[in-house]
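The exercises below each set a task and then work through it step by step. Please keep the sequence and the model in view while reading.

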Amino acid sequence: MSVLTRDEAQTRADLLTVQHYTVDLDLTTGEDTFDSRTTVRFTARADADTFVELKPAELRTATLDGHPIDPAALEDNRLPLTLTAGEHELVVDAAMRYSRTGEGMHRFTDPTDGETYVYTQLFLDDVQRVYAAFDQPDLKATFDVTVKAPEDWTVLANSRTTHDGDGTWTAATTPAISTYLLAVAAGPWHSIRTQHRGLPFGIHCRASLAPHLETDADEILEITTRCFDRYHAKFDEPYPFDSYDQAFVPEFNAGAMENPGLVTFRDEFVYRSAVTDTERQTRAMVIAHEMAHMWFGDLVTLRWWDDIWLNESFAEYMGYQTLVEATRYTDTWTEFAVTRKSWGYDADQRPSTHPVAPDDVPDTAAALLNFDGISYAKGASALRQLVTWLGEKDFLAGINTHFARHKFSNASLADFLDSLAAHTDRDVHAWADAWLRTSGVDTLTATVDTEPGHWSLALGHQGSRPHRITVAVYDRVLGTDRTLVLRERHETDVPGGPETHTGVRPALVAPNDHDQTYAKIRLDADSLETVLGGLSQVPDGLTRAVLWNTLRDMARDGELAPLDYLRTASAHLPEESDLAIVQGVLTFARGQIADRYLEPGRRPEALALIGELCRDLLRRTEDGSQPGLRLTAVRHRIDSALRADTLTAWLADDTVPGGPELDPELRWRILARLAVLGAADENAIAAELERDPSATGQEGAARCRAALPDAEAKKRAWDAMFRDDDLSNYLFTATAKGFWQPEQADLTTEYVTRFFTDAPAVAHRRGPAIAEAAGHWAFPAHAVDQDTLRRGQDTLDGDDVTPALRRKLTDQLDDLARALRVREAS
């Protein structure tokens, strides 16, 4: 399939103005294809040749101004057009394929009740899988959409829909939007509708999830309306569309998608099992993030994909900040520090790193690779630093000017900087050059010197960006159990000279207190000793998150022994009050320290330490006052179990002693670990699937079957992923998650070699979504050795690797090399 280059997009934008699309879809033509008829009205500024994108199962007819175009002219998803200057009408009639990979028009049949649902996911260049389009973000147009569906279905779209009878639905004409933002979701949805500020609001899910959506409906709608009102207080421009629907859809590849007026979310956010409050906060953040996109991305859209940060970084920053200001989730930035920033830091230290606003995004394939921790977490961190440096008043004034200048149009980084510059004397262009045009992570290293009656702080600066940060100074209170109390906080600029302070040397000097900048932190030796011995005594949760990130970075860089990280976690997590920190530290300890950074022979020791830590957390939560912390401890104890007896007893009793009772998520989690340990078989998996035949149950069974320590089970799982091409995106991922287990390294040795030939092949056959899943989940991450590194590099040196898989392999191999360095250092 051809990818659109930036030069081609610029040429076409110079040539065309697109006024309107009429898209007619018929979803009643069978299980494999649907009909799509597109009429495009546009104007050419000159006589020229161009093309429209389309990837059909069959192109039936195409006419330009009433004159037929030979369907055989369609080549490599492009239908050529020869234009004269003036107005034109293009009509394309085609049969299009449904997807099972979350791209284009995804079709899903719910195993619980047999009901079928379809929805579009047209980002970034998957429009052509659904309708014919001049598919680039700066050729905005208005849309009229009609959909014929089975009579018992409801059809949702970007604008209000009306049922005209006989299964036909019509959506109101949209304002001007980009082609990738068109959205349709159809099926027998369970819907909860209300109104807010005179607009219809709705939330929707599969019928089988209705009881779970009903349980959380008040919470979801309260978050939605609170964020909506807060954005209206921040932004001068009102919400630009005629309705606001949120559809929780099956087998969705991303967290959510910001389609105007119809946001689609992965339906794991409709919780069918117990979750922690931090997980509810994550759902709330995604709601806030996607709503911010109605302005950042939908009202004002990037011109080309080099400015994806104008969409994602702003939505990320606004999502977190708005939760703090408008909801009960006032500690949201702590979760950002622990979870999202680590994603950004990791991505920014790999060979695939790129600036937040890169200069060169040559085509759509390259653009797709940049939707990563840099465009989201680093970009949001940069904006947080910008607000600290610029001041929130001037920042918001610049944003509102930006909306006023470019609403229902497109804008670039230069446009945005001009809007900011109109409200400040600061050199925002220089700031952007330093922060947005450079890659990599700065490091700030603290040095503390003492003299009688004075102490001084110098912050070494490895990197090129200016930073405005807060430094927190703590003293240890004598006569107490290692209690640390805040002496002072002060702001400082980096780079800058040493600062001299009166008084005795503090026990802890914490740079980047409250996490206002994006940089790795290195503490002075005495402060590091204080942290290792007393981290849980630091009173501020966000400061503790910064310090835990420091220890994480040190472990990743080989400066803190992996077992020392685990021992610090064992010492301090039982006293930790912030659940996001507990979850983040345990996830890193289990997934990186135990599984990758330690030699295989030391892994049982690490798992035993994690298991004992979880038992401490369970003892702490016996009174039932902290169900989220208890649930987190149960999950990680399951995943770290070295023996089957306790888990077998829990499964038989259908409860953990003292709670919680086992819900479907916990039962599948236990069964997966028992399968790894050789204490579950196909009969147990089949019985559990009969108990829970849902889509989530199907995924759980796939994971468990792939985890069985049996050569035939491994062969079946491998063939399902890399030979048969029948697995949906979610079942592929579930199978991959079960396949590789460090305990089964001898059993899967042959597949390490096979991965590097089979993964490129499946990526070519099945496209970017499966390529990413293969590179992420099916990569042999446990095989931390030079042979795996060499095989992977040989694969990258070849020409037969798709861009999506190449990016994932590049990242995986760099992480593998890092794990080898950590092992050597320890």
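**Exercise 1: a covered helix**

In helix α18, the residues Leu666, Arg667, Trp668, Ile670, Leu671, Ala672, Arg673, Leu674, Ala675 and Val676 are buried, where buried means under 20% relative accessible area, exposed over 50%, and partly exposed in between (1.4 Å probe, protein chains only). Helices (H or I, at least four residues) and strands (E, at least two) are DSSP runs, numbered from the N terminus. The model is predicted, so local features need pLDDT of at least 70 and side-chain atom pairs count only at pLDDT 80 or more, while totals for chains, interfaces and linings use all residues. Residues are numbered from 1 along each chain as its sequence is written, and side-chain values use heavy atoms, with hydrogens and water left out.

Task: establish how many residues of α18 are buried, what covers them, and what span the helix should have.

Solution. Step one is the count, which shows α18 to be mostly covered, with 10 of its 13 residues buried. Step two is the cover, which includes α14 (579–597), α15 (603–620), α16 (627–640), α17 (645–653), α19 (682–691) and α20 (695–707), contact meaning heavy atoms within 4.5 Å. Step three is the span: the expected value is 1.5 Å times one less than the number of residues, so the 13 residues of α18 (664–676) should span 18 Å, and the end C-alpha atoms, 18 Å apart, agree with this. Just after α18, Gly678 takes a positive phi of about 80 degrees.

**Exercise 2: an enclosed helix**

Task: carry out the span check on α12, and describe its burial and its two ends.

Solution. With 16 residues (541–556) at 1.5 Å a residue, α12 should span 22 Å, which agrees with the 22 Å between its end C-alpha atoms. Of those 16 residues, 16 are buried, so α12 is largely enclosed by the rest of the structure. At its start, a side-chain oxygen of Asp540 comes to within 3.0 Å of the backbone nitrogen of Leu542. Just after α12, Gly558 has a positive phi of about 75 degrees.

**Exercise 3: an open sheet**

Task: find the order of the 4 strands in the open sheet and work out which stand at the edges.

Solution. The order is β8-β9-β14-β11, with antiparallel pairing; two strands pair if DSSP finds at least two bridges between them. The edges are β8 (104–109) and β11 (154–157), because each has a single partner strand, which leaves one side of each without a neighbour in the sheet. Between β8 and β9 (residues 116–121) there are 6 bridges, and Arg107 stands opposite Val118 in β9.

**Exercise 4: aromatic pairs**

Task: classify the ring pair formed by Phe42 and Phe134, and say where its members lie.

Solution. Rings of Phe, Tyr and Trp (its six-membered ring) pair if their centres lie within 6.5 Å, and planes under 30 degrees apart count as stacked, over 60 as edge-to-face and the rest as tilted. By this rule there are 52 aromatic pairs. The centres of Phe42 and Phe134 are 5.0 Å apart and the planes stand at 70 degrees, so the pair is edge-to-face. The pair links distant parts of the chain, since Phe42 is in strand β2 (residues 33–44) and Phe134, 92 residues apart from it, is in the loop between β9 and β10 (142–148). Phe42 counts as buried at 0% relative accessibility, and Phe134 is buried with a relative accessible area of 0%.

Methods:
Polar contact = N/O pair within 3.5 Å; in protein donor to acceptor, adjacent residues only side chain to side chain.
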